[in-house]
Amino acid sequence: MARRDTDEPEDRGRYRRGGIGDARAFTPRGRTTRDGGSSAGSEPDPQAEAELQRRRAELRMVRGGRAEEGRPPQRLGRVTGAPSIRRPRRSDADGGDIDGGYFDVDEPGREAPRRRTAAAGRGRPAARGDREFIGRTQAARAREPRRGERAGRGRPQDRRQRPVAPPPDPPKMGEPRRRLRLATAVALLLFAAIGVRLVQFQLADAPAFAAQGLEDRLDKIVLPAARGAIYDRTGEVLAKSVEARFVAVDPELVKDPRTTAAVLAPLLGKAPSELEPLLQKGKQEVSGAPIRFRWLLRGLSVADAEQVRALDLDGIIVKRDERRDMPGDDLAANLIGFTGTDLNGLAGIEARYDQLLRGRNGELQYETGNGDLNKPIPGGYRRETVAQPGSSLMLTIDRDVQWQAQHILFESMQKVKAVWGAAVVLDARTGEVVAQATYPTFNPANPGAAKPEALADNATSVVVDPGSVHKAIVLSAALQEGVVEPDSTVKIGPSIKKGDQVYWDTHQFPEGTKITLPGLMAFSSNVATIKIADKLGAEKLYEYQKLFGLGQPTGIGVPGESSGQLQAPADWSGTSHGSIPIGHEMAVTPLQMAAAYAAIANDGTWVQPHLIKQTIAPDGKVTEPAPPKSHRVISAENAAALREIMEAVTTVDQATGRSAALAGYRISGKTGTGSQVVNGKYVKGEVGSFIGMAPAENPRYVVAVFVKTPGVGAGGKVAGPAFRDIMAYTLRHFKVLPSTVKSPSFVTHY
């Protein structure tokens, strides 16, 4: 059979995918023939067949080498006049592309030279023979039918015109040495931070952690400081602190509140219905946490507390406490005051001298175990701060006189149905307050049960216009200024007008009656007093009011003391010239007026009234207070003359103070009727008063009694008897001898 060129169309389907098995013998001219190289009946050429076998062996060797390099095995191209080998293109990784397709080996006995690449380790450019071979193979490929034509699709599929995308770049490999250095640096920093923190724990924070751990193991017990006692002038106890117990509850631990309340009620002196709500569980208002502590009773006696402890009730706490005891119950209660549940002074002397009396609490700290071993650790941490007891006070008060003054005042007030009363006993020479009683009073053991008005000390807090007891100050100033003499007389009538106010005398005399100074005091003449004040002048009267201590606190040391109020002459109205001399349009306290009369009794020298006689330190050291303030108001002669003039008040027939007369003693004093002032205004009712001294010839004590009654309350009627009884006991108690000379006879008017 004649040879057919494989480029002819009819042979394309037959020879389009020739492989090694389909390869034909090579001709020197590069043409391919069928296996026989001639017609079907011709015999094969042995020489050509041998050459073909040799070439196939060489190709297998080439394929084996490629496979070893990890490349895909090569395949033979189709026969184009001479055996050709189609090899895959090599990419840049193998030394660069040749032409983007396959190349053929055209000449028998000779493989087309290949370009050496950098991947082969040489990197030299292809030799000239290689380039010629490549060119011939590219020309041969150009004559191949396109893929589409071979597939019968009717459109060319020229591989040389189809671009092939270059393979992607291989992923960039990490730098192991850089990663190793970074990991090493991070590890070193971590270990350095841990090391620094460990050093800080061991050196800087170790003491703090140790202290915190110790704090968690410490138990603290407050060692209460004993509050100082309050004694009377003889050393008798008026108030003291005694050991007691408190009873409290942890509601979270109480199993049966009703039964517990019923058992505790008899021992605590409370009703079960009062105790049961305290035993119930509850929540705190702010935080919402369970309530773990409530007081049941403070100041329980030790014996009763031991009975409570013996019951061993769940949640019931019994511990050491302190209680303030007043052996005299309400004795001087308004003066001494009271303390709170923590023994802090809340009123009276207890409040005024709280820092001195309180002392300083101590503390016991000791190390304990936890859980079941919550007991002191033997040899563990222990520190005790010793409590420092408070200092004690010795008052100028005499317990017996105080008791009698209260008793007499109470009886007298009940007789006249008084609203309130006050009584003051002063030592005329020293200014010491011997007794200071208030009606009504209260029980300091239970101050919460008293009315607010019963808690005050009336002698220092109540403000009144003094009424006629102020006339002694007008006469003192007039005598000292020479306006009148002890034997002077004043022409009077039944009344006098000042401004738009008419002032009348209770005991009226006809117009033109000459009244003596003893008669003025005995009958409490308003008209005569106003006329003497006119001669004295407003400026002088105001000056002597201040010298006698009116309008300013006495500084006795009782909290809440009022200063009273005086009107300066510039503020006087037309009626002031009539009202102020007879003790109106002004405000004073009972103690201020008592101190003014004490100045007359002390030969004209005013001495500041005071309560503190001594301060006794916990170690027994006694400290005397600073001397009280004092100053002269009038001369001793004028003071003596005035005392004699005022004796007429208790000796003259129909005098206002006859009820205050005391057998065996000469009494010098004055009655008064005024009003109580509240917030600068007068309130309904009258305040009767009597202030006197005894013995009149050489006074030792001054007693002032003020009584507020709902209606009319003349001083001689409501206050005179109480004065007499209190003065009588005081003189007997201090063994003051009766007067040896009787009071003079007085002429009251002409």
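Trainee: In this predicted model, does Gln 608 count as buried or exposed, and at what relative accessibility?
Mentor: Start with where Gln 608 sits: in the loop between β18 (605–607) and β19 (612–616). Buried means under 20% relative accessible area. Gln 608 falls under that cut-off, so the residue counts as buried, at 14%.

Trainee: Which residues is Gln 608 in contact with, leaving aside its neighbours within four places in sequence?
Mentor: Gln 608 lies in a loop, so look beyond that loop for partners. Two of the contacts are Gly 431 and Thr 554. The others are Gly 555, Pro 628 and Lys 629.

Trainee: How many salt bridges does a search of the whole structure find?
Mentor: Here a side-chain nitrogen of Lys or Arg must be within 4 Å of a carboxyl oxygen of Asp or Glu. A search of the whole structure on that rule gives 23.

Trainee: With which residue does Arg 227 form a salt bridge?
Mentor: The closest N and O atoms of the pair are 3.0 Å apart. Arg 227 is in the loop between β3 (218–223) and β4 (230–231), and its partner is in helix α12 (residues 354–358), so the bridge ties together parts 127 residues apart in sequence. The partner is Asp 354.

Trainee: Are Arg 227 and Asp 354 buried or exposed?
Mentor: Arg 227 has a relative accessible area of 5%. Asp 354 has 8% relative accessibility. Both values are under 20%, so each residue is buried.

Trainee: Which residues are linked with Arg 227 in a network of salt bridges?
Mentor: Asp 354 is one of them, as its bridge to Arg 227 shows. The network also takes in Arg 324, Glu 350 and Arg 358. With Arg 227 left aside, the names are Arg 324, Glu 350, Asp 354 and Arg 358.

Trainee: Where is the partner of Lys 540, and which residue is it?
Mentor: The closest N and O atoms of this salt bridge are 3.8 Å apart. Lys 540 is in helix α18 (residues 538–547), and the partner is in the loop between α15 (471–480) and β14 (489–492), 59 residues apart. Lys 540 is partly exposed at 30%, and the partner is partly exposed at 33%. The partner is Glu 481.

Trainee: Why is helix α17 described as largely enclosed by the rest of the structure?
Mentor: Count the buried residues of helix α17 (residues 526–536). Among them are Val 527, Ile 530, Ile 532 and Leu 536. The helix is largely enclosed because the buried count is 8 of the 11 residues.

Trainee: Which residue caps the N-terminal end of α17?
Mentor: Look for a side-chain oxygen 3.1 Å from the backbone nitrogen of Ala 528. Just after α17, Gly 537 takes a positive phi of about 95 degrees. The cap at the N-terminal end is Ser 525.

Trainee: What kind of aromatic pair do Phe 293 and Trp 295 form?
Mentor: The count for the structure comes to 8 aromatic pairs. In this one the ring centres are 5.0 Å apart and the planes are at 90 degrees, so the pair is edge-to-face.

Trainee: What kind of aromatic pair do Phe 690 and Phe 723 form?
Mentor: Phe 690 is in strand β24 (residues 686–694) and Phe 723 in helix α24 (residues 720–733), so the pair ties together parts 33 residues apart in sequence. Phe 690 and Phe 723 are buried. Their centres are 4.6 Å apart, with 50 degrees between the planes, and the pair is tilted.

Trainee: Which charged end sits over the ring of Trp 295?
Mentor: Trp 295 is linked with Phe 246 and Phe 293 in a cluster of ring pairs. The charged end is 4.2 Å from the centre of the Trp 295 ring. It belongs to Arg 298.

Trainee: Which helix gives the largest share of the largest nonpolar core?
Mentor: That core has 126 residues, and Ile 532, Met 593 and Tyr 597 are among those with the most contacts inside it. The largest share is 10 residues. They come from helix α20 (residues 590–601).

Methods
Residues numbered from 1 in each chain as written. Predicted model: local features only at pLDDT ≥ 70, side-chain atom pairs only at ≥ 80, totals over all residues. Heavy atoms only, no water. Helix = DSSP H or I, 4+ residues; strand = E, 2+ residues; numbered from the N terminus. Buried < 20%, exposed > 50% of the residue type's maximum accessible area, 1.4 Å probe, protein only. Contact = heavy atoms within 4.5 Å. Polar contact = N/O pair within 3.5 Å; in protein donor to acceptor, adjacent residues only side chain to side chain. Phe/Tyr/Trp six-rings, centres within 6.5 Å; stacked < 30°, edge-to-face > 60°. Lys NZ or Arg CZ within 6 Å of the ring centre and 35° of its normal. Core = buried A, V, L, I, M, F, W, Y, C linked by side-chain atoms within 4.5 Å.
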